[in-house]
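Me: I am new to this structure and would like to learn how to read it. Could you take me through it one feature at a time?

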Amino acid sequence: MPLSGDAFVEEILQTVRTKHSKDNPIIGLIERGEIDREALKGFVGQFYLFFPKPFPKPIAAMLGRCPDDPELEKMWIENVVEEGTGEISGTDSHRGLFIRFAMSCGFASKEELDTVQPLPETSAFLDWRDLLMYQRSWLELFACQGFCLEGTASERMSRIVTGLTTHYGFNLDSEDIRYWTLHMGVDEEHMKVGPLAVRKYAVTDQQQELVRQSVQKTLDQFWLAFDGIKRAFVDKDPVYAAWRNGSA
Ligand SMILES: [Fe+2]
């Protein structure tokens, strides 16, 4: 017997709580100001590869897989427009906002930022997201993006903003950290897509099981990607020397 829509959404939210990206150790280290600026720069470079650099194209690809549901379509269209232009929030493309932040964290130019190579964990995470986008059902894709990635952004961003403003010299209203402060609000809106899609369309045992498995895998892969940043730039594991000195 499948769970009711509300019960299943509640179960998924509970699963997300057990491995929420805001709880990864690297986020706490930033929040408490416990990593140096070189490690913070390493974090910034990898985070750029997670979202700002490829976006909005992944969001557009997700829109391309949307079923004929006007409410879901509208959510993705707004997401693409906001990511690509910042027109809805009246800011800049989110990539543009992030590049400005990166420059305030020690990157000399967009060109330098674009030379950052993905850690193995970053590559694995991006490969999984591609696999979700093109080889899994749209329902799994929307659930994972909605619940695990954008769905955990707001709380993750809040902790990062606390760290940046308390320990790294940024003002809360500074344009330099607009990328982070903006997402504390914007993603609250974007995260509705997960519950909406799941409540309405994950109605059989099989659909619910597929969503369960993909959500867990997305939480695991996203967590590993943050672990990789800690291993490479905070723990300074010798295996990651090439990424630390930029020769990877
Ligand atoms: Fe964004």
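**Reading the fold**

Reply: Start with helix H13. At 1.5 Å a residue, its 30 residues should span 44 Å, and the end C-alpha atoms lie 43 Å apart, which agrees. Keep in mind that this is a predicted model.

Me: What comes right after H13, and what is its phi?

Reply: The general idea is that most residues other than glycine have a negative phi. H13 is followed by lysine 236, with a positive phi near 55°. Lysine 236 sits in the loop between H13 and helix H14 (241–244). Lysine 236 has 13 other C-beta atoms within 10 Å, so it counts as partly exposed.

Me: How many helices and how many strands does the protein chain have?

Reply: The protein chain has 14 helices and zero strands. Read along the sequence, the pattern is α-α-α-α-α-α-α-α-α-α-α-α-α-α. The radius of gyration of the protein chain is 18 Å, close to the 18 Å that the globule rule gives for 248 residues, so the chain is as compact as a globular protein of that length. Along the principal axes, the C-alpha atoms fill a box of roughly 50 × 40 × 30 Å.

Me: What share of the residues counts as buried?

Reply: Of the 248 residues, 42% count as buried. As for contacts with a separation of 6 or more, 77% are between residues 24 or more positions apart.

Me: Which residues have the most contacts inside the largest nonpolar core?

Reply: In soluble globular proteins, nonpolar side chains tend to be buried together. Here the largest nonpolar core has 65 residues, and Phe43 and Ala143 have the most contacts inside it. Helix H13 (residues 205–234) gives the largest share of this core, 11 residues. Leaving out residues up to four places away in sequence, alanine 143 touches Ile12, Gly194, Ala197, Val198, Val211, Ser214 and Val215.

Me: How do I read the crossing of helix H9 and helix H12?

Reply: Look at the distance between the axes, the angle and the hand. The axes of helix H9 (residues 138–149) and helix H12 (residues 193–201) come within 7 Å and cross at roughly 145°. The crossing in which H9 passes H12 is left-handed. On the H9 side the contact is made by Leu139, Phe142, Ala143, Gly146 and Phe147, and on the H12 side by Val193, Gly194, Ala197, Val198 and Tyr201. Ala143 thus has a place both in this contact and among the residues with the most contacts inside the largest nonpolar core.

Me: Is glycine 228 buried or exposed?

Reply: The test is a count of other C-beta atoms within 10 Å, and 20 or more make a residue buried. Glycine 228 has 23, so it is buried. Its place is in helix H13. Not counting residues up to four places away in sequence, glycine 228 touches Leu119, Pro120, Glu121 and Thr122. Glycine 228 and phenylalanine 107 are 121 residues apart in sequence and 20 Å apart in space, C-alpha to C-alpha.

Me: Which peptide bond is cis, the one from phenylalanine 55 to proline 56 or its reverse? Where should I look for it?

Reply: Most peptide bonds are trans. The bond from phenylalanine 55 to proline 56 is cis, with omega near 15°. Proline 56 lies in the loop between helix H3 (37–50) and helix H4 (57–64), and phenylalanine 55 is found in the loop between H3 and H4 as well. With 18 other C-beta atoms within 10 Å, phenylalanine 55 is partly exposed. Phenylalanine 55 touches Glu83, His94 and Arg95, residues up to four places away in sequence not being counted.

Me: How far apart in space are arginine 65 and methionine 133?

Reply: Separation along the chain and distance in space are two readings, and both are given here for C-alpha atoms. Arginine 65 and methionine 133 are 68 residues apart along the chain, and their C-alpha atoms are separated by 8.2 Å. Threonine 162 and arginine 199 are 37 residues apart in sequence and 33 Å apart in space. Arginine 65 is found in the loop between H4 and helix H5 (70–85), while threonine 162 is found in helix H10 (residues 153–167).

Notes. Residues numbered from 1 in each chain as written. Predicted model: local features only at pLDDT ≥ 70, side-chain atom pairs only at ≥ 80, totals over all residues. Core = buried A, V, L, I, M, F, W, Y, C linked by C-beta atoms within 7 Å. Buried ≥ 20, exposed ≤ 12 C-beta atoms within 10 Å, placed from the backbone. Helix = DSSP H or I, 4+ residues; strand = E, 2+ residues; numbered from the N terminus. Contact = placed C-beta atoms within 7 Å. Expected span 1.5 Å × (residues − 1). Rg over C-alpha atoms; globule rule 2.2 N^0.38 Å. Axes fitted to C-alpha atoms, helices over the stretch in contact; angles between N-to-C directions. Left-handed = near helix turned anticlockwise from the far one by under 90°.
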